[in-house]
Protein chains: 2
Amino acid sequence: MSLLVVGSVALDSVEPPFGKADDVLGGSATFFSASASHFAPVQLVGVVGDDYPMGQLDALAKRGVDLAGLERATGRSFRWRGRYRHDLNSAETLETHLGVFSHFDPKIPKQFRNARFVFLGNIDPRLQLSVLKQVEKKPEFVACDTMNFWIESRRPDLLALLEHVDVLMVNDGEARQLTDQANLLKAARWILERGPKFVVIKKGEHGAYMFHGRHVFFAPAFPLEEVFDPTGAGDSFAGGFMGYLARSGTVDQEHLRRAVVYGSAMGSFAVEKFSIERLLDLEMAEIVARVKEFRQLTAFEEELPR
Amino acid sequence: MSLLVVGSVALDSVEPPFGKADDVLGGSATFFSASASHFAPVQLVGVVGDDYPMGQLDALAKRGVDLAGLERATGRSFRWRGRYRHDLNSAETLETHLGVFSHFDPKIPKQFRNARFVFLGNIDPRLQLSVLKQVEKKPEFVACDTMNFWIESRRPDLLALLEHVDVLMVNDGEARQLTDQANLLKAARWILERGPKFVVIKKGEHGAYMFHGRHVFFAPAFPLEEVFDPTGAGDSFAGGFMGYLARSGTVDQEHLRRAVVYGSAMGSFAVEKFSIERLLDLEMAEIVARVKEFRQLTAFEEELPR
């Protein structure tokens, strides 16, 4: 089924512990699309400046990402520069230039307005809500991300948005900040009381929780010998998660559990190379093999002690 | 089968975020025994001073812990005082008084020398090796713990000990310090090359890995709404792990996986109350129910995306 993503399309300059890359494809919608396109056709809505290397997006278009909603505005593209030291879980931001992204006002092309699955990447919650209003029929499943900046500066808008969202996907720090609860179970319950039927709390290298009613599901991060560049892992997770759901067309708990695992698998691939490189050269057989490995990672047979 | 533990028997004074306890039962051998005794008879070797509240150990004796190896020396018992702030994963040590523990020279009573399962709690690796030498027949399965202090000050002894150990159980910080590898897969491989067939790396609230050859198993920590007092969680984990193995008598990979889950379950109970309180009032039905919950926590059915 159709999967709509709204978010940033940026140029990243990253310095992981080994290597360095300048002005490579980045942004939440970019990572999301590269990941989700392995599962379902993706419709991207975003904005870039007139300096963006449009040719490089051909790789996404070839993977089935419809770029008709990518606005090209006069000005500079969103640029982010960051580095990672020993703690690969948190980037140190060196520079952020919002450029044309600071005036982003997402317009959903007519042919995207019947989207059944929607991912609202990390933008102003008022814009996230405006996107939902532009979708003609209530979508089957809406996921949204947010960040500390919006939690602080747009709290009422964010809470209003949550009433229209099926799953909130945030990291542990954001969940704690939003809810003022240190304990993640309590944080999740707080969120579940405000609209979303599901909450996914991502803990980076420590895995991800999904909460649904009284149910808790956990998927570890895939243990990798080399985490090359952690940038985009969260949006690649979201892409795998929503892509899997859009492909299956079913949003019950069993499918949501699998979606978390597919998300974790996609996040684990994303960090193996710079930018979306690994997501582009990836094949379904590799994804399926990694999901099998995920299953082995936590598999045990129950047996009462004799 | 018989399970021998050698380690500290102490008096703890702890200040978790809520509440406060003074001079309660603590120490690695104490937590280990309280936990393991749910699965198998335990033989404890340790030392206390003449100030130790021996009557309080009756609760352990009633649970099948043989205290014949608990030496009573002239002097003060090992005392530890610590507190936890927001990060329940790491205690802040306020005071440590080793007392009679500083001259601990474990003597294994004759009737304990045929132990088939041995847990070497966190003591000087030279003493850990001396314990193994006192066991008459090579045990079926030996687990050992250690800490930063021994990794720094007794490195050659620790490496010599590893050659005689089946599983090293350490936390992530200790694994990194021992191996000088930031990546846990690489750290585990380093350790596996030095003797142990299995390595368990505990990450506190972030769960535990077990490595065996090229296999990796992961058990999340059980998500609790209230972590009351984290003291002793690691030794309670070890008690559940070794207790389960001693009870089953089988040490293949399948049983080791289950042992990690039983260990995680026991660790999750230990933190619900002060000291060994929760471990003492625990029933097997509760343990089995929690193991089932662990299974639900990570359970998903594989299914190829359609």
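How many aromatic pairs does the structure hold over all chains? In this predicted model, the count over all chains is 29 aromatic pairs. A pair of aromatic rings is described by the distance of the centres and the angle of the planes. For A:Phe218 and B:Phe218, the ring centres lie 6.0 Å apart and the planes meet at 25°, so this pair is classed as stacked. A:Phe218 belongs to strand β13 (residues 215-219) of chain A and B:Phe218 to strand β13 (residues 215-219) of chain B; the pair therefore joins two chains. A:Phe218 and B:Phe218 are both buried. A contrasting geometry is found for B:Phe149 and B:Trp150, whose centres are 4.9 Å apart with planes at 75°, so that the pair is edge-to-face. Of these two residues, B:Phe149 is partly exposed, at 47% relative accessibility, whereas B:Trp150 is buried, with a relative accessible area of 14%.

The two Phe218 residues also take part in a cluster, in which ring pairs link A:Tyr209, A:Phe211, A:Phe218, B:Tyr209, B:Phe211 and B:Phe218. Aromatic rings are further involved in contacts with charged groups. In chain A, the charged end of A:Arg290 is placed over the ring of A:Phe269, at 4.0 Å from the ring centre. In chain B, B:Arg290 lies over the face of B:Phe269, likewise with 4.0 Å to the ring centre.

In soluble globular proteins, nonpolar side chains tend to be buried together. The largest nonpolar core of the model comprises 91 residues, and A:Leu4, A:Phe211 and B:Leu4 have the most contacts inside it. Helix α7 (residues 184-192) of chain A contributes seven residues, the largest share of this core. A:Phe211, one of the residues with the most contacts inside the core, is also a member of the aromatic cluster. When neighbours within four places in sequence are left aside, the contacts of B:Leu4 include B:Ile108, B:Phe112, B:Phe117, B:Phe119, B:Val131 and B:Val135, as well as B:Gln43.

At the level of the single chain, chain A contains 11 helices and 13 strands. Its radius of gyration is 18 Å, which agrees with the value near 19 Å expected for a compact globule of 306 residues. Along the principal axes, the C-alpha atoms of chain A fill a box of roughly 70 × 40 × 35 Å. Among the 306 residues of chain A, 58% count as buried. Of the contacts in chain A with a separation of 6 or more, 65% are between residues 24 or more positions apart. The exposed area of chain A is about 12000 Å², of which carbon and sulfur atoms supply 51%.

Methods
Residues are numbered from 1 along each chain as its sequence is written. Chains are lettered from A and ligands numbered from 1 in the order in which they are written. This is a predicted model: local features need pLDDT of at least 70, side-chain atom pairs count only at pLDDT 80 or more; totals for chains, interfaces and linings use all residues. Side-chain values use heavy atoms; hydrogens and water are left out. Rings of Phe, Tyr and Trp (its six-membered ring) pair if their centres lie within 6.5 Å; planes under 30 degrees apart count as stacked, over 60 as edge-to-face and the rest as tilted. Helices (H or I, at least four residues) and strands (E, at least two) are DSSP runs, numbered from the N terminus. Buried means under 20% relative accessible area, exposed over 50%, partly exposed in between (1.4 Å probe, protein chains only). A charge sits over a ring if NZ of Lys or CZ of Arg is within 6 Å of the ring centre and within 35 degrees of the ring normal. A nonpolar core is a set of buried Ala, Val, Leu, Ile, Met, Phe, Trp, Tyr and Cys residues joined through side-chain atoms within 4.5 Å. Contact means heavy atoms within 4.5 Å. The radius of gyration is taken over C-alpha atoms; the globule rule is 2.2 Å times the number of residues to the power 0.38. Accessible areas come from the Shrake-Rupley method with a 1.4 Å probe; for residues, only the protein chains shown count as cover.
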